[in-house]
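Visitor: I am new to this structure and would love a close look at a single part of it. Could you take me through the sheet and the helices that go with it?

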Amino acid sequence: MSTTIYFFSGTGNSLKVAKDVRDRLGETKLVRISKESLSITSDNISDKIGFIYPVYFGGIPYMVRKFIENLEISKDVYIFAVATFGSGAGVSFNQIDSILNRKGTALSASFSLTMPGNYQVMYSPLADEKQERLFKNSDEEILKIVDSVKRNEIKNSNKAGGIKKVAFRFIYNTFKPKDKDKNFWTTEKCNGCGICSKICPANNINIVNGKPKWEHRCEFCLACMQWCPQKSIQYKKATLKRGRYHHPKIKVSELFQK
């Protein structure tokens, strides 16, 4: 039985989960959802397909939505989704299931994982001890997820309904990521290392005259800001005094665009 996991990750949380699920499932290939992988339009080989992603504004990242919309999938494949988040899965599972329904298939199982929040444009990172507790809990939950996927369990109790569904859809509709990169800027600490350009899943950053230039194709994953070794990339003035976060067991090079 072969499995392909398509993951989207900016600061490494979803990549770490994808790697852990892969290692325990066996015969599993990982594919990062990025501008390059949007050229993948069919998967008629995998027996199981997984989507692992962070939740943005109560829903799936725009690039994840586009990827799934473009992907041709066999109707009898087992499809699972794992949402990583700081506060909740929102309507992300509803969104994926709706896209799959239009293809004549459906989401077989959905799983939620609370991870350290990385939305530093709004708040500071969690203290190290709180992060460690979440990592330990996620390790335990991943064992359960893998067990369910191995047994082809149908598990879709995580979808939002009623008032929550309406509220999260409203919040998601306010999410306009492509326009947000106009608010990024760099301090004098920027040394033009180019890591921000290499890590951007949207290929949205060019290095011009030794400084990053955002091209308004942003996904707002904050990878550029979080992984900057000089902590020189800022969002408006809100992040000047806030720390940075990326998963401590993920290397920046693992997220470089090939």
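Guide: Here is a walk through the sheet, strand by strand, and then through two helices. Please keep in mind that this is a predicted model. The sheet is open and has five strands, in the order β2-β1-β4-β6-β7, with parallel pairing. Its edges are formed by β2 and β7 (109-114), each of which pairs on one side only. From one strand to the next, the twist averages 20°.

Let us start at the β2 edge. Strand β1 (residues 3-7) runs parallel to strand β2 (residues 28-32), and five bridges join them. To get from β1 to β2, the chain passes through helix α1 (residues 13-25), making a right-handed β-α-β crossover. If you would like a spot to find by eye, look for Phe7, whose bridge partner in β2 is Arg32.

Further along the sheet, seven bridges link strand β4 (residues 48-54) with strand β6 (residues 78-85), again a parallel pair. Here Tyr53 has Ala83 of β6 as its bridge partner.

Now for the second helix. Helix α4 lies across β4, β6 and β7, and runs at about 170° to β7. The axes of α4 (residues 128-150) and α1 come within 10 Å and cross at roughly 50°, so the two helices are oblique to each other. Their crossing is right-handed. On the α1 side, the contact includes Val17, Val21 and Leu25, while α4 brings residues including Ile142, Leu143 and Val146. Sorted by kind, the residues of this contact are seven nonpolar, five charged and no polar.

Terms used: Residues numbered from 1 in each chain as written. Predicted model: local features only at pLDDT ≥ 70, side-chain atom pairs only at ≥ 80, totals over all residues. Heavy atoms only, no water. Pairing = 2+ DSSP bridges. Helix = DSSP H or I, 4+ residues; strand = E, 2+ residues; numbered from the N terminus. Right-handed = clockwise from strand over helix to strand, strands pointing away. Axes fitted to C-alpha atoms, helices over the stretch in contact; angles between N-to-C directions. Parallel < 35°, antiparallel > 145°, perpendicular 65-115°, else oblique. Left-handed = near helix turned anticlockwise from the far one by under 90°. Contact = heavy atoms within 4.5 Å. Nonpolar A, V, L, I, M, F, W, Y, C, P; charged D, E, K, R; others polar.
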